[in-house]
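Please open the model in your viewer and keep the sequence panel beside it, since this tour moves from one selection to the next and says what is there at each stop.

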Amino acid sequence: MRPLPSQLEEAREQETPVSGLDLLRETLEAADLTGVEFRNCRFRGCQFLGCDLSGASFSGCTFADCLLESCRLSGTWWRDCQLQGGKWDGADLHRARWKDLTLERVLLRYGNFTGGIWEHVSIKACNFTESALREMRWKKVVLTYTDLTRAELFRTILTGMDLTSCTLDGIVLSETCRELRGAVITAAQSAVVARILGILVEP
């Protein structure tokens, strides 16, 4: 059997989809996977190190306990996928589009999601500490028990979202905090908004 990197490289060069791939604890390093189409693939305990997946698409795929380190995923398209566990810290996902995704217990700290579009996305117990979530379009996104500490949410409208179980400490908003207008937050979380607006709240 040919090595996995050469199989994927061939799929990229021939512009053919990669379907039904089931990988367990595989490592891909500095692989050029730009524009590759993945369908119904499973990645379990895999490592992607310094790989370029810009413009790739993922349909019906599962990532379980995977590590993505210094990877480029800008402009990617995701549909009907599951991300479970794993570490995606520092991933570049700007202008990526997610639709019908479920994420649970994923570390997504210091990531760049600027300009992305999320539709029908469920996020539970994930960590977006210090991530850039600027100028995004969210539609029917559910966030529960998710850490948004010092995340940048400038011009990402959160109207109608229930954020009561999330950590909002130090989030970056516009001066008017219009991003949170119509969102549901707790009384304790409102102190975060007050600080941005320059209001002093007595304990």
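Begin by selecting Glu119 and Arg97, whose side chains form a salt bridge in this predicted model, with the closest N and O atoms 2.4 Å apart. Colour the two strands involved, because Glu119 lies in strand 13 and Arg97 in strand 12 (residues 97–104), so that the pair ties together parts that are 22 residues apart in sequence. If you switch on a surface, you can compare the two partners: Glu119 is buried, with a relative accessible area of 13%, while Arg97 is partly exposed, with a relative accessible area of 32%.

Next, select Arg150 and Glu130, which form another salt bridge, the closest N and O atoms being 2.9 Å apart. Here the partners sit in loops: Arg150 belongs to the loop between strand 14 and helix 2 (187–196), and Glu130 to the loop between strand 13 and strand 14, so this pair ties together parts that are 20 residues apart in sequence. Arg150 counts as partly exposed at 44% relative accessibility, and Glu130 also counts as partly exposed, at 38%.

Keep those loops displayed and add Glu135 and Arg155, whose side chains meet in a salt bridge with an N to O distance of 3.4 Å. Glu135 is in the loop between strand 13 and strand 14, and Arg155 is in the loop between strand 14 and helix 2, so the two residues tie together parts that are 20 residues apart in sequence. Glu135 counts as partly exposed at 42% relative accessibility, and Arg155 counts as partly exposed at 44%.

Stay with the loop between strand 13 (117–124) and strand 14 (137–144), and select Thr129, which lies in it. Is Thr129 buried or exposed? At 9% relative accessibility, Thr129 counts as buried. When you show what surrounds Thr129, leaving aside its neighbours within four places in sequence, you find Arg109, Tyr110, Asp147, Thr149 and Arg150 in contact with it. Arg150 is a residue you have already selected, as the salt-bridge partner of Glu130.

Before leaving the charged residues, select Asp22, Arg42 and Arg44 together, since these residues are linked in a network of salt bridges. A search of the whole structure finds 9 salt bridges.

Now turn to strands 3, 6 and 9, which make up an open sheet of 3 strands, with the order 3-6-9 and parallel pairing. Its edge strands are strand 3 (27–29) and strand 9 (67–69), each of which pairs on one side only. Looking along the sheet, you can follow how neighbouring strands are turned against each other by 5° on average, with direction ignored. To look at one pairing in detail, show strand 6 and strand 9, which pair in the parallel sense over 3 bridges, and then select Gln47, whose bridge partner in strand 9 is Leu67.

From strand 6 (47–49), follow the chain into the loop that leads to strand 7 (57–59), and select Ala56, which is found there. Ala56 is buried, with a relative accessible area of 1%. Not counting residues up to four places away in sequence, Ala56 touches Leu33, Gly35, Val36, Gly75, Thr76 and Trp77. You can also draw a distance from Ala56 to Trp78: the two are 22 residues apart in sequence, and 8.7 Å apart in space, C-alpha to C-alpha.

The last stop is the aromatic rings, for which a search of the whole structure finds 16 aromatic pairs. Select Phe38 and Phe58, which form a stacked pair, 5.1 Å centre to centre with 5° between the planes. Phe38 lies in strand 4 (residues 37–39) and Phe58 in strand 7, so the pair ties together parts that are 20 residues apart in sequence. Phe38 is buried, and so is Phe58.

Then select Phe63 and Trp78, an aromatic pair that is tilted, at 5.7 Å centre to centre and with 50° between the planes. Phe63 lies in strand 8 (residues 62–64) and Trp78 in strand 10 (residues 77–79), so this pair ties together parts that are 15 residues apart in sequence. Both Phe63 and Trp78 are buried.

To finish, which residues do ring pairs link into a cluster? Select Phe38, Phe43, Phe48, Phe58, Phe63, Trp78 and Trp88, and you will have that cluster on screen.

Technical notes
Residues numbered from 1 in each chain as written. Predicted model: local features only at pLDDT ≥ 70, side-chain atom pairs only at ≥ 80, totals over all residues. Heavy atoms only, no water. Helix = DSSP H or I, 4+ residues; strand = E, 2+ residues; numbered from the N terminus. Buried < 20%, exposed > 50% of the residue type's maximum accessible area, 1.4 Å probe, protein only. Contact = heavy atoms within 4.5 Å. Pairing = 2+ DSSP bridges. Axes fitted to C-alpha atoms, helices over the stretch in contact; angles between N-to-C directions. Salt bridge = Lys/Arg side-chain N within 4 Å of Asp/Glu carboxyl O. Phe/Tyr/Trp six-rings, centres within 6.5 Å; stacked < 30°, edge-to-face > 60°.
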